[in-house]
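Here are my notes on this model, set out as numbered points for reading beside the coordinates. They begin with the charged contacts and go on to strands, rings and pockets.

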Amino acid sequence: MVARIYKPTRNAMQSGTGKTKLWVLDYEPEQPRQVEPLMGYTSSGDMNSQLRLRFDSKEEAVAYAERHGIAYQVQEPKEPARRKIAYADNFSFRRIGQWTH
């Protein structure tokens, strides 16, 4: 049973950073998913795949995994490169190109 500790990325459809502050511990699936023949649903007998634990810091998640004897892998987050721009930059004298309405 291997767990993955990571910080989730933001939703691609939104510019906000909601639900990206906490660290998450997910279990890797131990059994492959199976298609149920009658209805076609996908199912698995692995109950740990339904478990998702959230922690305030990476250290808390690692301590939990070590305390319970869970093998884990930590995936460090990749911070986005953000440009600091202001609305006043639209009217700057150093602006390249013309400002139009």
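1. The model is a predicted one, and a search of the whole structure finds three salt bridges. Each of them is taken up below, together with the exposure of the residues that form it.

2. One salt bridge brings together the side chains of Glu28 and Arg4, with an N to O distance of 3.6 Å. Because Glu28 lies in the loop between E2 and strand E3 (34-35) while Arg4 belongs to strand E1, this pair ties together parts that are 24 residues apart in sequence. Glu28 counts as partly exposed, at 32% relative accessibility, and Arg4 is likewise partly exposed, with a relative accessible area of 25%.

3. Another salt bridge joins the side chains of Arg52 and Asp26, at 3.2 Å from N to O. Arg52 sits in strand E5 (residues 52-55) and Asp26 in strand E2, so the contact ties together parts that are 26 residues apart in sequence. The two partners fall into separate exposure classes: Arg52, at 46% relative accessibility, counts as partly exposed, whereas Asp26, at 9%, counts as buried.

4. Lys58 forms a salt bridge with Glu76, and the closest N and O atoms are 2.7 Å apart. Since Lys58 lies in helix H1 (residues 58-67) and Glu76 in the segment after E6, the pair ties together parts that are 18 residues apart in sequence. Lys58 itself counts as partly exposed, with 23% relative accessibility.

5. Strand E1 (residues 2-6) deserves a look from the backbone side as well. E1 runs parallel to strand E6 (residues 71-74), to which four bridges join it, and it pairs in the antiparallel sense with strand E2 (residues 23-27), again over four bridges. Which residues are the bridge partners of Arg4 in E6 and in E2? In E6 the partner is Gln73, and in E2 it is Asp26. Asp26 is thus a bridge partner of Arg4 and also holds the salt bridge to Arg52 described above, while the side chain of Arg4 meets Glu28.

6. On the aromatic side, the count comes to one pair. The ring centres of Phe55 and Tyr64 are 5.5 Å apart and their planes stand at 45°, so the pair is classed as tilted. Phe55 counts as buried, at 12% relative accessibility.

7. The largest pocket holds about 360 Å³ of space. Its lining is made up of Lys7, Pro8, Thr9, Arg10, Thr17, Thr20, Lys21, Pro77, Lys78, Glu79, Pro80 and Arg82. By class, this lining has six charged residues, with three polar and three nonpolar ones.

8. The second largest pocket has a volume of about 240 Å³. Of the 15 residues that line it, Pro8, Thr9, Gly18, Lys19 and Thr20 lie nearest its centre. Its lining divides into seven polar, four charged and four nonpolar residues. Pro8, Thr9 and Thr20 are found in the linings of both pockets, and a colleague inspecting the coordinates may wish to view the two together.

Notes:
Residues numbered from 1 in each chain as written. Predicted model: local features only at pLDDT ≥ 70, side-chain atom pairs only at ≥ 80, totals over all residues. Heavy atoms only, no water. 1 Å grid on protein atoms, 1.4 Å probe; cavity = no way out; pocket = protein on both sides within 12 Å on 5 of 7 lines; lining within 4 Å. Points joined across faces, edges and corners; volume = space filled by probe spheres on them. Nonpolar A, V, L, I, M, F, W, Y, C, P; charged D, E, K, R; others polar. Pairing = 2+ DSSP bridges. Helix = DSSP H or I, 4+ residues; strand = E, 2+ residues; numbered from the N terminus. Salt bridge = Lys/Arg side-chain N within 4 Å of Asp/Glu carboxyl O. Buried < 20%, exposed > 50% of the residue type's maximum accessible area, 1.4 Å probe, protein only. Phe/Tyr/Trp six-rings, centres within 6.5 Å; stacked < 30°, edge-to-face > 60°.
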